[in-house]
Amino acid sequence: YPALVFTAPSGISADYYTEIRSRTSRPIAFTEIGWHSNPSPIGWESSESEQAEFVTRFFDFVEPLQPEFAVWSFLYDQVTDEPFNSMGLCRSSDGQTKLAWSA
């Protein structure tokens, strides 16, 4: 969850994930990925646009690693602690997809 380290997807460097390949020659899989879309917590504000930007950047950055799969952690927003409560690709309130769904 890079959103726990970076305040915006634009802060993630293009080589953020490449160190993985220097540590293994085995197949790579991402079992939990996500980015929140709420304008909180303070100091870590995000949005649906930033969530969609993360999706695009993530797949661009990991393409050279040829991951076997990547699992987005939550299809719907969850009733849980911030920032995980807005990591869904769909809003739980009305089931509508967020911008990240299309990305």
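**Exercise 1. In which helix do Glu19 and Arg23 lie, and how many residues apart are they?**

The structure is a predicted model, in which local features need pLDDT of at least 70 and side-chain atom pairs count only at pLDDT 80 or more, while totals for chains, interfaces and linings use all residues. Residues are numbered from 1 along each chain as its sequence is written, and side-chain values use heavy atoms, with hydrogens and water left out.

Step 1. Helices are DSSP runs of H or I with at least four residues, strands are runs of E with at least two, and both are numbered from the N terminus. Glu19 and Arg23 both lie in helix α1, 4 residues apart, about one turn of the helix.

Step 2. A salt bridge requires a side-chain nitrogen of Lys or Arg within 4 Å of a carboxyl oxygen of Asp or Glu. Glu19 and Arg23 form one, with their closest N and O atoms 2.4 Å apart.

Step 3. Relative accessible area under 20% means buried, over 50% exposed, and in between partly exposed (1.4 Å probe, protein chains only). Glu19 is partly exposed because its value is 44%; Arg23, at 66%, counts as exposed.

**Exercise 2. Describe the other salt bridges and the burial of their residues.**

Step 1. The structure holds 4 salt bridges. Side chains of opposite charge can pair when their charged atoms come close.

Step 2. Lys98 bridges to Asp77, the closest N and O atoms being 2.7 Å apart. This pair links distant parts of the chain: both residues sit in the loop between β2 and α3, 21 residues apart. Lys98 has 3% relative accessibility and so counts as buried; Asp77 is buried at 15%.

Step 3. Arg91 and Asp94 meet in a salt bridge at 3.5 Å, N to O. Salt bridges with shared partners join Glu48, Arg91 and Asp94 into one network. Arg91 is partly exposed at 27%, and Asp94 is partly exposed at 43%.

**Exercise 3. Classify two aromatic pairs and place them in the cluster.**

Step 1. Rings of Phe, Tyr and Trp (its six-membered ring) pair if their centres lie within 6.5 Å; planes under 30 degrees apart are stacked, over 60 edge-to-face, and the rest tilted. The count by this rule is 10 aromatic pairs.

Step 2. The ring centres of Tyr16 and Tyr17 are 4.8 Å apart and the planes stand at 85 degrees, so this pair is edge-to-face. Tyr16 is partly exposed at 34% relative accessibility, whereas Tyr17 is buried at 8%.

Step 3. For Phe30 and Phe58 the centres are 5.0 Å apart and the planes at 85 degrees, so this pair is edge-to-face. The pair links distant parts of the chain, with Phe30 in strand β1 (residues 29–33) and Phe58 in helix α2 (residues 48–62), 28 residues apart. Phe30 is buried at 10%, and Phe58 is buried at 1%.

Step 4. Ring pairs link Phe6, Tyr16, Tyr17, Phe30, Trp35, Phe54, Phe58, Phe59 and Trp72 into a cluster.

**Exercise 4. Check the span of α2 and find what its buried residues pack against.**

Step 1. The expected span is 1.5 Å times one less than the number of residues. With 15 residues, α2 reaches 21 Å from its first C-alpha to its last, close to the 21 Å expected.

Step 2. Buried residues of α2 include Glu50, Gln51, Phe54 and Phe58. With contact taken as heavy atoms within 4.5 Å, the buried residues of α2 pack against β1, β2 (69–72) and α3 (99–102).
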